[in-house]
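Got a minute to look over a structure together? Here is a quick briefing to read alongside it.

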Amino acid sequence: LAQAGFPAVPQYRPASLCAMKVALCLAVAACGGRVSVCMLPEHSSKVSFLQRRGDPKLVEPYYQKKLEEYKNSTDAKPLPYDGYFEVGCYSDNTPESMILTAGKEEKVSPKQCFNFCRDKPLVRFFGLTLGRQCYCTPYPTVGGGNGGCTRQCEGDGNFMCGGDSMSSIYEMHRCGDVTEVATKDKLAAEELVSKVKFFAGRADYVVRALTEAGKSIDVSDVRKRVFALASTLEELRSDVMLKAGDVEEKLGPLDTALSAFSADAATAEMMKAVEDAQADLLMFVAAMEDADNKLQTYWTEHSLDSMMAFRSIDSKALGSAEELAKDLSSDVLFLPPKVKRELGSEIDSSEFTYVVVGKNNLASLFQVYNMSNPIDGRPTLNSWGSFKKWATKECHQMCMMTPGCVGGNALGARNDETDAGAHGDIFAFTCNLKGDVQRVEMSKSGGSGLLVTGFLFGSYHSLHSKDISFNTANVLN
């Protein structure tokens, strides 16, 4: 009562004092998951903080007097409460004159009721009943009652909001760490922005590599598939960057509110400014996290790294010096004897692109490689040539370990010189796996910074040689 502004009244004494025993408990307060220490009686399952002694109407005059004094006072108003925890389920007989009832504009929940009651004069508790009613009171007048708190809150089904004749009683308190928690949220948001932007940057390399490679592909359906993969990835990446920009904009107002907050002369307005800016920031952080989750999900579903791990393929071993010194499989740039004779011995395979075409596309997977800072599980490569060979080996091995795969393409590009100067050489490519092969399109190489190559299993060609054509016109002309 004294904390609520009332004089000591003999008829109402703290239940803990009646028992002369006080047990220390930890209650998780609804202020950002913070834990606050509270004093609860050992037999708190049957009584509240205050135990009824006599007629509650004896206290009403004190309440009305204090309420009038509060309204007429020119003193600074106390700061709103910033935390709450559940006391228990009770029958509350508090007189209506000592209750403030929330309107029906919002569906009730403990959080909604707390926000309604936290700054009301002289109140310390709030109650929820019938699953849809919220009220505030200086203290609950608890008694017996039948039944329990079995009504789900209309605003949040994870909580119970009283029962037919019972109330879920909560006590409010001041955690006193509004700026501390807001500062933590701000720092966490800044760190998260940095992480999502870094990942979006990796996606950008894939988008640009696929776009460049797609431009050099003469086969329309393969080119469309590469562009579609790049387009979807770019759409998700752009959304992440947009949401990250929104979060960065909201960091400013919170920083301003925190700077203006004075712990020694804090006002309700200062507290509200911090909380409003914090809530605004967290709303945009949630939107950014949602966008990032969508990008991460799409990335995982199309990640060559993920699929290779699933197939137990050792990426690092495929890029070892010993492995790179070996010739590529005969499946890579496979040419039947007749086609080899058409091309002639003087035409080097490095001078033309090789694209396998088929209707049954099993998978389109992508990968990024940073030559100056390869991630764990990746080989250390020192040139664009070694990357092309390693990427081709990875894609070929992936096809060998994928049921139904008979051929595929490794399509990608290296970054431009500007990026190389800023970030080191970063390469990206897509591995396109085929369940059938109808033809192979060949043309003169589109550029030194491109990877447009493919492979066809010789065993598959032996069975379907009559159905597979090789178009060499663009190489010979």
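What follows covers a cavity, a sheet and some helix contacts.

Keep in mind that this is a predicted model. The cavity count comes to 1 at 30 Å³ or more, and β11 and β15 each supply at least two residues of the lining of the largest cavity. Those two strands also belong to an open sheet of 3 strands. Elsewhere, α5 turns up in two helix crossings, one with α6 and one with α4.

**The cavity**

- How much space lies in the largest cavity? It holds about 60 Å³.
- Its lining is made up of S216, I217, D218, V219, T353, V355, E441, M442, S443 and N474.
- Sorted by class, that lining has 4 nonpolar, 4 polar and 2 charged residues.
- Which strand gives the most to the lining? That's β15, with 3 residues.
- β11 spans 352-357 and β15 spans 439-444, and each puts at least two residues into the lining.

**The sheet**

- The strand order is β11-β15-β17, and the pairing is mixed.
- β11 and β17 (469-472) are the edge strands; each has a single partner strand, so one side of each has no neighbour in the sheet.
- Going from one strand to the next, the twist averages 15°.
- β11 and β15 run antiparallel, and 6 bridges join them.
- T353 has S443 in β15 as its bridge partner, and both T353 and S443 are also in the cavity lining.

**α5 against α6**

- Helix α5 covers residues 220-260 and helix α6 covers residues 268-301; their axes come within 8 Å and cross at roughly 165°.
- Why do α5 and α6 count as roughly antiparallel? Angles over 145 degrees fall in that class, and the crossing is at roughly 165°.
- The α5 and α6 crossing is left-handed.
- In the contact of α5 with α6, the residues split into 25 nonpolar, 2 polar and 8 charged.

**α4 against α5**

- Helix α4 takes in residues 178-215, and its axis comes within 8 Å of the α5 axis, crossing at roughly 160°.
- α4 and α5 are therefore roughly antiparallel to each other too.
- The handedness of α4 passing α5 is left-handed.
- For the contact of α4 with α5, the residue split is 21 nonpolar, 4 polar and 10 charged.

Conventions: Residues numbered from 1 in each chain as written. Predicted model: local features only at pLDDT ≥ 70, side-chain atom pairs only at ≥ 80, totals over all residues. Heavy atoms only, no water. 1 Å grid on protein atoms, 1.4 Å probe; cavity = no way out; pocket = protein on both sides within 12 Å on 5 of 7 lines; lining within 4 Å. Points joined across faces, edges and corners; volume = space filled by probe spheres on them. Helix = DSSP H or I, 4+ residues; strand = E, 2+ residues; numbered from the N terminus. Nonpolar A, V, L, I, M, F, W, Y, C, P; charged D, E, K, R; others polar. Pairing = 2+ DSSP bridges. Axes fitted to C-alpha atoms, helices over the stretch in contact; angles between N-to-C directions. Left-handed = near helix turned anticlockwise from the far one by under 90°. Parallel < 35°, antiparallel > 145°, perpendicular 65-115°, else oblique.
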